[in-house]
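The following exercises are to be worked with the sequence and the three-dimensional structure at hand. Each task is followed by a stepwise solution.

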Amino acid sequence: RKTSTADDRRILYNNKEKSPNTCPTDQKRSEESCVDLSMTTVRRRVHEQNCRGNIARCKSLVSSKNRMVRLQFAKKYLNEQPQFWKKVLWTVETKIIFY
């Protein structure tokens with residue numbers, strides 16, 4: 001085993017506190033401290049502590065299917081007269097999040 005308990009704690013601390021992608025960073029720091037660590041070793045030590053490097057996936061706010069349905073609805077009612085829209089009951093039920 002190339003790392004000591006203190007090295008394992010430092011790797012885990014850097015993984016949790018500093019940045020989500022610490023393997024290259026830890027490898028560079030290990031060169032400074034005269035401990036020869038490969039990226040695989042750092043990754044193994046992090047995985048031993050059940051810390052996985054998952055990154056949340058960004059998904060579109062409107063699915064492609066829903067986008068098509070909304071577009072069809074908009075095209076259908078595009079040329080309606082103002083009297084038609086006065087009869088429509090407008091409610092706010094949609095939660096919109098701006099990023």
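**Exercise 1.** Is S38 buried, partly exposed or exposed?

*Solution.* The model is a predicted one. Step 1: locate the residue; S38 lies in the loop between α2 (23-32) and α3. Step 2: take its relative accessible area, which is 30%. Step 3: apply the cut-offs, under 20% for buried and over 50% for exposed. S38 is therefore partly exposed, its relative accessible area being 30%. Step 4: relate this loop residue to the start of the chain; S38 and K2 are 36 residues apart in sequence, and their C-alpha atoms are 9.8 Å apart in space.

**Exercise 2.** Determine whether D8 counts as buried or exposed, and list its contacts beyond the sequence neighbourhood.

*Solution.* Step 1: D8 belongs to helix α1, which spans residues 5-17. Step 2: the relative accessibility of D8 is 15%, so this residue counts as buried. Step 3: set aside the neighbours within four places in sequence; D8 is then in contact with R1, T3 and R45. Step 4: look at one of these partners from its own helix; R45 is itself among the buried residues of α3.

**Exercise 3.** Which residues of α3 are buried, and how are they arranged around the helix axis?

*Solution.* Step 1: the buried residues in α3 are T41, V42, R45 and V46. Step 2: these residues lie on the same side of α3, because the arc they cover around the axis is only 135°. Step 3: inspect what comes after the helix; N50 follows α3 and has a positive phi, near 60°.

**Exercise 4.** Identify the members of the largest nonpolar core and the elements that supply two or more of them.

*Solution.* Step 1: this core consists of 6 residues, namely I11, L12, L37, V42, V46 and C51. Step 2: two or more residues come from each of α1 and α3 (39-48). Step 3: set this against a general tendency: in soluble globular proteins, nonpolar side chains tend to be buried together.

**Exercise 5.** Describe the protein chain as a whole: how many helices and strands are there, and what share of the residues is buried?

*Solution.* Step 1: there are 5 helices and 0 strands, in the order α-α-α-α-α along the sequence. Step 2: of the 99 residues, 17% are buried. Step 3: the accessible surface is about 9100 Å², and carbon and sulfur atoms contribute 54% of it. Step 4: among contacts with a separation of 6 or more, 50% join residues 24 or more positions apart.

Key
Residues numbered from 1 in each chain as written. Predicted model: local features only at pLDDT ≥ 70, side-chain atom pairs only at ≥ 80, totals over all residues. Heavy atoms only, no water. Helix = DSSP H or I, 4+ residues; strand = E, 2+ residues; numbered from the N terminus. Buried < 20%, exposed > 50% of the residue type's maximum accessible area, 1.4 Å probe, protein only. Contact = heavy atoms within 4.5 Å. Core = buried A, V, L, I, M, F, W, Y, C linked by side-chain atoms within 4.5 Å. Areas by Shrake-Rupley, 256 points an atom, 1.4 Å probe, with all protein chains shown as cover. Arc of directions from axis to C-beta.
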